[in-house]
Amino acid sequence: MSLFDSLRGLSWPSRRRAMGSLPGTHRSRLRGTAPELSEYRLYRQGDDPRQLDWKLLARSDRAYIRLAEDRSLLATWFVVDASASMAFPAESHDKWLQATKLTLGLASVALAAGDPVGLLVAHPSPPPRTPPRSRRGTLAEMSATLGSIVPTGSVALAPLLADARPGVRIVVVSDFLGDEEPTRKAASALLAARSDVHAVHVVAYEELDPSGQAIRAVDPEDASILRPLDDVMRARYVANFSEWRERTAAAWRHAGATWTSVGTDEDPAFAVRRVIGSSSGEAVVHAR
Amino acid sequence: MSFLAPGWIALAAAASLVVVAIHLIAWRLPRTVVFPTARFVPDEPARRAARTVRLADLGLLALRVAILMAGGIAMARPVFGSTPTGQATVIAIDKTAAAGDTAALLGVLRSIPRRDRTSFVVFDTTAIVERDDAAAMRSLSARPALASLSVGLLETIREARRLEHDYERVHVVLVSPLTRESFDEATVRMRALWPDSIRLIRVAVPSPGPIPVSIDMPSGADDPVLAGIRLARSNGLVAGTARVVRDAADAIDSAWVDSGRVLVVWPRAAAGAAERIDGVHAGDYTAIGHFIGFGVRLQTRSLESDPEPGDSGRVVARWVNGAAAAREVVRGGGCIRTIGFDVPDVGDFVLTPSFQHVAAELVGPCGGSRLFGPDVAPDSLIAALAAPPNAVVAKVTDDAHAPNRLAAVILVTAILLAMMEMIVRRQPGDRSLSEARAR
């Protein structure tokens, strides 16, 4: 079964009220004349008399108006990291493939709900940028764009986030081994502007559990980092990397974003469900 | 299979051992791998190096050893065939040596140590190879001509080269009177064809006995030439029977020649002829003094020109400038010797020992006075014959140095293995590092 088939029927509700005015599936900040009753409010001068609930008036001798929640579209931006660290392992580029699948899987869920999706790729050669669209072929365009990219170089994610408009949904797909802190700060700013931010951390299982053979590990984005990794160093490396992941996840969650760590050996459909699941039922913590 | 230069194989084996030692002992750094989370590896020196011997290393080691051994085998020049063993001897016998004491010669030949194989080369102006003593002695019984060492050495060295294929060492022995006449300009070059030393056994050739001395000449008392000849005869310098005529020869003189004796036609110079100071070589002697030179016509040619092919004459004296001064023509049993110069009537030139020696040569027997005794070659020539040459000029038979195709094939194989080693040497870890630094 293809990835898209396994995600059919999935909905991805926004954690926050959408600010858009176009009708969609996400709860809107605007209160309008939707059929669903949301609440009653005492009539004030200036309210539309047609919203008066006459039956309640008859029962209580007080004038109340009916309020209903509107639903609107929520544009979703995907900011994908295509730096050299994503091209790991060198033979298979599993991290980049997993990031691509996660992006397309989440985009298909958003498009199924009618939400426009846009793409920003952190890549040295002019960063591909696709504005949010919901027309037919958007997913194919995203797939073609991502399929043509070979991760290389080192491009900052934070400036791409700074370009996003407030009130949208941002999904950052990265290994966060580059400018993690500036990116988190930019995400915090977006969160403060009532955007919904999801951080999807892609990690290779070789990074979680390196092989037993002694190697000299070199950072693909900084060749000056050349460290011997043998049996003695392995335990300390695992501890350091685990501690960093926990600390980073905590920082992102504290900022108000969701943090989902996905391994390259994980089924992408299952990982998409986890990302979506992390945004439902969670209390929104505003950044302070 | 055997090898012409087996030392190269030992050298290649030693180099291979060095390569094996380097592969086993050397500390190898772990391969470099691109690792995005390298920053989380503690920045400390490696506690231990990877000493595991990977299969790729063993393959590279085997390839390098194969390159060295193939190169060594190629340089060792392998040849198919059995390795020569044993020793052989080639005995070259100058036929003129048999002109003396045959028993002594046999004794000399028996004294030469015989090895696994002995060949005989009997030579004078031609050479013949015999395989046993009896055949060699039969060849020696033939009447010898004046031997040529060049001819003898050529055939001897050929025989020695043939025996080299089957025997480890070949000894060459030369039995000869080693007279001056047996040497010529080619003798030294022929000797250079054999790289090893040659054992020389010089045998004596006795003189044929006393020769009666009789010089028949006019009784002219005022003739300086005749006076010089008489003086030479009285000093014991003259040998043989000769008639000296100062005028034209007649029938009696012809009869003299036909009887197997020497007629010396020594014309007088014309009155008033110009004299000059010059020199004349005759035999081993040179007389320098006042001469009166003149051209003498011998039938259709002058005395000064050298004999043409087929001419039975030979030059017996030359001026210092190389022109012929006297010529001898064989006739019947004797010879006619014509002299192309005279001496002035005045002066004591004819009294000088040099002139007397020259005059003795000119009135000597047909063919020269050397027939009356062996003129042994100088020690320098004999030493050059015995000692190994400084450089072997060429090989008579070059079978051992024919192009070695097997060595060429092995050498090409070694080169191809070396090219393969350059490809195998490149490892994936190094490639990843270069890519990482390129980014």
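This report covers the two chains, their interface, and selected salt bridges and contacts in a predicted model.

## Chain A

Chain A has 288 residues, and 50% of them count as buried. Its secondary structure comprises 9 helices and 11 strands. The exposed surface of chain A is about 13500 Å². Carbon and sulfur atoms supply 53% of that area.

Long-range contacts carry much of the count. Taking contacts in chain A with a separation of 6 or more, 73% join residues 24 or more positions apart.

## Chain B

Chain B has 439 residues, of which 40% count as buried. It holds 12 helices and 19 strands. About 22900 Å² of chain B is exposed, and 59% of this comes from carbon and sulfur atoms.

The contact pattern can be put in the same terms. In chain B, residues 24 or more positions apart make up 72% of the contacts with a separation of 6 or more.

## The interface between chains A and B

The size of an interface is often given as the accessible area lost when the parts come together. Here chain B and chain A bury about 3100 Å² between them. Carbon and sulfur atoms give 64% of that buried area. Phe35(B), Pro36(B) and Phe40(B) lose the most area on the chain B side. Together these three residues account for 23% of what that side buries. The contact involves 33 residues from chain A and 26 residues from chain B.

Charged and polar pairs also cross the interface. There are 2 salt bridges between chain B and chain A. Asp43(B) pairs with Arg227(A) in a salt bridge, with the closest N and O atoms 3.5 Å apart. Polar contacts add to the picture: the rule finds 12 residue pairs across the interface, both residues at pLDDT 80 or more. On the chain B side, strand E2 (32-34) and helix H12 (428-438) each supply at least two of the residues that touch chain A. That side divides into 15 nonpolar, 9 charged and 2 polar residues.

## Salt bridges in chain A

Side chains of opposite charge can pair when their charged atoms come close. Over all chains, the count comes to 31 salt bridges. One of them joins the side chains of Arg169(A) and Asp115(A), at 3.6 Å from N to O. Arg169(A) sits in strand E7 (residues 169-174), while Asp115(A) is in the loop between helix H3 (94-112) and strand E5 (117-122), so the pair ties together parts of chain A that are 54 residues apart in sequence. Both Arg169(A) and Asp115(A) are buried.

Arg135(A) and Glu141(A) form another salt bridge through their side chains, at 3.2 Å from N to O. Arg135(A) is partly exposed, because its relative accessible area of 47% falls between the 20% and 50% cut-offs. Glu141(A) has a relative accessible area of 32% and is also partly exposed.

## A salt-bridge network in chain B

Glu159(B) forms a salt bridge with Arg131(B). The closest N and O atoms of this pair are 2.4 Å apart. The pair links distant parts of the chain, 28 residues apart. Glu159(B) lies in helix H5 (residues 149-164) of chain B. Arg131(B) lies in the loop between strand E6 (127-130) and helix H4 (133-140).

The two partners differ in exposure: Glu159(B) counts as buried at 1% relative accessibility, whereas Arg131(B) counts as partly exposed at 46%. The pair belongs to a wider set. Salt bridges with shared partners join Arg131(B), Glu155(B), Arg158(B), Glu159(B) and Arg162(B) into one network.

## The surroundings of His171(B)

His171(B) is part of strand E7 (residues 169-176) of chain B. Its relative accessibility is 16%. That is under the 20% cut-off, so His171(B) counts as buried.

The side chain of His171(B) makes a polar contact with the side chain of Arg115(B), at 3.3 Å. Leaving out residues up to four places away in sequence, His171(B) touches Gln87(B), Ala88(B), Thr89(B) and Val90(B), as well as Arg115(B).

Terms used. Residues are numbered from 1 along each chain as its sequence is written. Chains are lettered from A and ligands numbered from 1 in the order in which they are written. This is a predicted model: local features need pLDDT of at least 70, side-chain atom pairs count only at pLDDT 80 or more; totals for chains, interfaces and linings use all residues. Side-chain values use heavy atoms; hydrogens and water are left out. Helices (H or I, at least four residues) and strands (E, at least two) are DSSP runs, numbered from the N terminus. Buried means under 20% relative accessible area, exposed over 50%, partly exposed in between (1.4 Å probe, protein chains only). Contact means heavy atoms within 4.5 Å. Accessible areas come from the Shrake-Rupley method with a 1.4 Å probe; for residues, only the protein chains shown count as cover. Buried area is the accessible area (1.4 Å probe) that two parts lose on being put together, summed over both. A salt bridge is a side-chain nitrogen of Lys or Arg within 4 Å of a carboxyl oxygen of Asp or Glu. A polar contact is a pair of N or O atoms within 3.5 Å; within protein, one must be able to donate a hydrogen and the other to accept it, and residues adjacent in sequence count only if both atoms are side-chain atoms. Ala, Val, Leu, Ile, Met, Phe, Trp, Tyr, Cys and Pro count as nonpolar, Asp, Glu, Lys and Arg as charged, and the others, Gly among them, as polar.
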